[in-house]
Amino acid sequence: MNNSTVSRDVNDELPSDLIFGRHEFLLEYPAVSIPCLVILVLAAIVGTFGNILILLAIGTTKNLRTLEGIFIANLAISDLYVTLFADPMSIVAKLEGEHFFTMMPRLCKAIAYGCTISCVNSLCTIACLSFNRYIYICHHELYNKIFKKWTCIAMCTCLYGIGTILVLLNLVGIGDHSFDRKSLECIWDRMATFFYTVVFSVTLVWIPIIVIGISYLQIYLAVRKSDQRMSKATSKQKKENRSFGLAKSLFIIYAVFATCWIPYALIIVADRFDTFPHIAHVVITVFAHLHPSINWLVFYATNKKFKYAFNRIAHMNGCLHVCVRKDLEGAQGTLTMETSTMSKTLETKVESPSTAD
């Protein structure tokens with residue numbers, strides 16, 4: 001493409017072999033590129049801060065160093081890769097275009113490999129967390145037999161292994177990782193091998209969704225049964241209530257995960273012949289990558305232990321209080337100025353002589 005700065009309508013059809021040069025996507029499609037870039041910048045900053053905060057909270061808070069805390073830390077590590085490396089490189093890709101990575105093909109593949117491994121690990125970790133809560137709440141007698149410190153670490157290691165296998169398949173000609181001209185970032189090659197694309201979609205999204213969905217259905221049924229026995233409050237019930245609280249946090253994360261990733265899982269399989277609009281791929285891929293930046297906010301909003309730890313480390317309540325107070329003061333100042341202006345206008349009208357004489 002040339003370096004024309006003429007803006008195009010977002011509904012314009014783009015050929016699949018379109019190659020954007022430096023700043024061309026930004027200049028020719030500002031209605032899409034600017035919001036996407038702003039979202040990615042915010043996601044990278046907020047997500048990196050939040051995932052580091054989770055790791056600090058678990059490392060410095062004794063009652064967070066639990067078996068489920070191992071999975072949460074693993075989730076934060078995977079999400080940190082996306083927010084600290086993948087999101088910034090996605091910004092670079094959308095600004096600099098494909099030529100930037102053509103000069104450094106190994107960099108593009110390394111970013112794509114890391115993104116595949118971290119995303120598979122992240123989404124499957126959420127499934128493991130849900131399974132952990134299901135066993136704890138519905139089959140508590142099996143919990144200590146299944147979940148020990150070493151088994152939790154082994155599960156997390158295996159999740160990285162699944163992502164690594166998906167990458168290593170490229171070495172035998174199954175699938176590939178490269179710069180995607182439609183989503184404008186270094187990612188796995190959805191057009192290289194359709195079977196690989198289907199397996200990737202199933203492994204990345206549909207297996208975690210099914211496992212999590214079944215787990216929470218069983219937890220919901222257990223909660224209903226427990227509610228029928230709430231007449232006698234015991235320490236065991238209080239312990240179960242705390243577990244239900246963590247399950248609630250994880251369910252919200254599951255809902256966010258499903259909302260962000262289902263559109264991506266659908267489009268990569270449905271667009272087998274690469275005919276879908278260019279903009280659809282960009283928007284859906286950016287939307288999917290928001291998930292790693294939101295998880296920590298869910299823990300802060302719904303889990304008392306994490307909220308206490310975040311406040312102790314980063315004084316989150318104080319920051320939010322200052323922001324809210326400034327907004328209120330600004331609103332009150334604006335209201336005062338408007339009231340004063342209206343009063344002066346009324347006084348002027350009353351004091352001015354009548355022209356009827």
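**Entry 1: the annotated spans**

I began with residues 70-91 and found their end C-alpha atoms 31 Å apart, in a span that is 100% helix and 0% strand. The model I am working from is a predicted one. I picked this span from the UniProt record, an unreviewed entry, which places the feature "transmembrane region" at residues 32-58, 70-91, 111-131, 152-174, 194-223, 244-267 and 279-302. I then looked up residues 152-174, whose end C-alpha atoms also lie 31 Å apart. That span is 74% helix and 0% strand.

**Entry 2: the whole chain**

I counted up the secondary structure of the protein, which comes to 13 helices and 2 strands. Of the 357 residues, 44% are buried. I also checked how far along the sequence the contacts reach. Taking contacts between residues at least 6 apart in sequence, I find that 73% join residues at least 24 apart.

**Entry 3: helix H7**

I went to helix H7, residues 149-168, and noted its 20 residues. From the first C-alpha of H7 to the last is 29 Å, close to the 28 Å expected at 1.5 Å a residue. Which residues of H7 are buried? I list Thr 151, Cys 152, Cys 156, Leu 159, Gly 163, Leu 166 and Val 167.

**Entry 4: cavities**

I searched for internal space and got 4 cavities of 30 Å³ or more. The largest cavity holds about 60 Å³. Its lining consists of Ala 86, Met 89, Ser 90, Phe 101, Ile 111, Cys 115, Glu 185 and Cys 186. Helix H3 (67-96), helix H5 (105-138) and strand S2 (185-188) are the elements that each give two or more residues to this lining. Which element gives the largest share of the lining? I have H3 down for that, with 3 residues. By residue class, I sorted the lining of the largest cavity into 6 nonpolar, 1 polar and 1 charged.

**Entry 5: Arg 272**

I looked up Arg 272 last and placed it in the loop between helix H9 (235-270) and helix H10 (278-288). Is Arg 272 buried, exposed or partly exposed? Its relative accessible area is 45%, so I enter Arg 272 as partly exposed, the class between under 20% for buried and over 50% for exposed. Leaving out residues up to four places away in sequence, I found that Arg 272 touches Met 191 and Phe 194. I also noted Thr 197, which is 75 residues from Arg 272 along the chain, with 9.1 Å between the two C-alpha atoms.

How values were computed
Residues numbered from 1 in each chain as written. Predicted model: local features only at pLDDT ≥ 70, side-chain atom pairs only at ≥ 80, totals over all residues. Heavy atoms only, no water. 1 Å grid on protein atoms, 1.4 Å probe; cavity = no way out; pocket = protein on both sides within 12 Å on 5 of 7 lines; lining within 4 Å. Points joined across faces, edges and corners; volume = space filled by probe spheres on them. Helix = DSSP H or I, 4+ residues; strand = E, 2+ residues; numbered from the N terminus. Nonpolar A, V, L, I, M, F, W, Y, C, P; charged D, E, K, R; others polar. Expected span 1.5 Å × (residues − 1). Buried < 20%, exposed > 50% of the residue type's maximum accessible area, 1.4 Å probe, protein only. UniProt positions renumbered as here; feature names shortened; annotations may be inferred. Contact = heavy atoms within 4.5 Å.
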